[in-house]
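Biologist: Could you take one residue in this model and walk me through its surroundings? I'd like some background on the chains as well, in plain talk.

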Amino acid sequence: MLSIEHYLFLSLALFIIGVVGVVTRRNVIVVLMSIELILNAVNINLVAFSRLYGDVAGQVFALFIIADAAAEAAVGLGIIIAFFRNRETVLADEMDLLKW
Amino acid sequence: MARRRINLPLRISMLDKVLFYFFAGTAVASGVLMVTRRNVVHSAIFLITALLATAGIFLQLRAEFLFIVQIILYVGGIMVLFVFVIMLVNLDVALQQIQFARQRWVGLFVALALAAQVSFMFWTSGKMPGQGLPVLTAAAATKLPPNSEAVARSLFESYLLPFEIASVLLLVAMIGAVVMAKKRA
């Protein structure tokens with residue numbers, strides 16, 4: 001029998017993989033993709049609890065998170081393109097204009 | 001004859017289990033591959049696999065509407081955007097550069113510590129008497145009405161204002177993306 005713990009652990013695993021991607025990769029595009037993975041992990045939790053309690057509100061919130069992820073991806077990739085046009089790099093540790 | 005009369009709920013729960021482990025394994029494996037690949041395009045492909053496997057998990061949880069939204073919006077929309085930007089931005093020299101930041105071991109350690117903490121929390125909450133995490137029953141699934149209808153009803157009755165705010169957010173994001181990516185005149 002599948003319990004809610006299965007989904008919680010799956011979600012935790014995806015979340016941690018996303019966090020590892022965010023903190024260890026240099027390429028900003030991969031960092032953005034890892035954030036998408038984190039948002040997906042949250043969605044799994046919401047849908048699992050929605051199933052558990054037979055209440056559809058969790059799925060509605062997952063929809064909002066998907067809309068949010070779309071907005072974030074659009075703006076983030078716009079920033080990456082603008083930055084690349086100016087500095088010719090997509091590496092996070094070369095984005096140091098504000099570093100003293 | 002007796003074999004064919006195994007109760008249906010048991011068979012459904014077996015199928016649920018098989019599908020869950022299949023999709024969960026695919027999602028975790030492609031997530032790991034996504035983070036570790038050197039080539040950004042390969043990372044994008046593995047992210048697509050992970051998102052599709054998540055869509056499978058949604059279907060296994062009887063969230064059909066989210067399953068479709070996940071495939072059309074995430075895999076069809078956001079990932080196309082990502083691949084376009086990779087094509088615009090990707091330099092061949094980027095492949096020869098070091099792909100992981102200097103603080104990678106610290107970051108990995110912190111992430112694993114976080115994983116250990118949360119797993120310990122789940123583990124102890126499962127051990128406590130009467131405080132264990134509840135079990136997904138088959139009855140809970142039959143309580144759900146037809147999924148798209150239920151989502152629409154909830155979205156446009158209880159959550160109408162958040163829905164409108166989300167549409168404003170998308171408009172702002174669209175304008176912001178256009179302004180950001182526009183050439184300076």
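Modeller: Let me start with a term: two residues are in contact if their C-beta atoms, placed from the backbone, lie within 7 Å. Keep in mind that this is a predicted model. With that in hand, take chain A: among its contacts with a separation of 6 or more, 47% are between residues 24 or more positions apart. Chain A has three helices and zero strands, so to speak an α-α-α pattern when you read along the sequence. Its radius of gyration is 17 Å, while a compact globule of 100 residues would come in near 13 Å. Along the principal axes, the C-alpha atoms of chain A take up a box of roughly 55 × 25 × 20 Å. Even with those figures on the table, 55% of the 100 residues of chain A count as buried.

Now for the close look, over in chain B. The residue I'd pick is Met34(B), which sits in helix H1 of chain B, a helix covering residues 8-36. Met34(B) counts as buried because 26 other C-beta atoms lie within 10 Å, and the cut-off for that label is 20 or more. Who is around it? Set aside the neighbours within four places in sequence, and Met34(B) is in contact with Ser43(B), Phe46(B), Leu47(B) and Ala50(B), plus Met33(A) from chain A. One more distance for Met34(B): Ile48(B) is 14 residues away in sequence, and the two are 9.4 Å apart in space, C-alpha to C-alpha.

Notes
Residues are numbered from 1 along each chain as its sequence is written. Chains are lettered from A and ligands numbered from 1 in the order in which they are written. This is a predicted model: local features need pLDDT of at least 70, side-chain atom pairs count only at pLDDT 80 or more; totals for chains, interfaces and linings use all residues. Helices (H or I, at least four residues) and strands (E, at least two) are DSSP runs, numbered from the N terminus. The radius of gyration is taken over C-alpha atoms; the globule rule is 2.2 Å times the number of residues to the power 0.38. A residue is buried if 20 or more other C-beta atoms lie within 10 Å of its own, exposed if 12 or fewer, and partly exposed in between; C-beta atoms are placed from the backbone.
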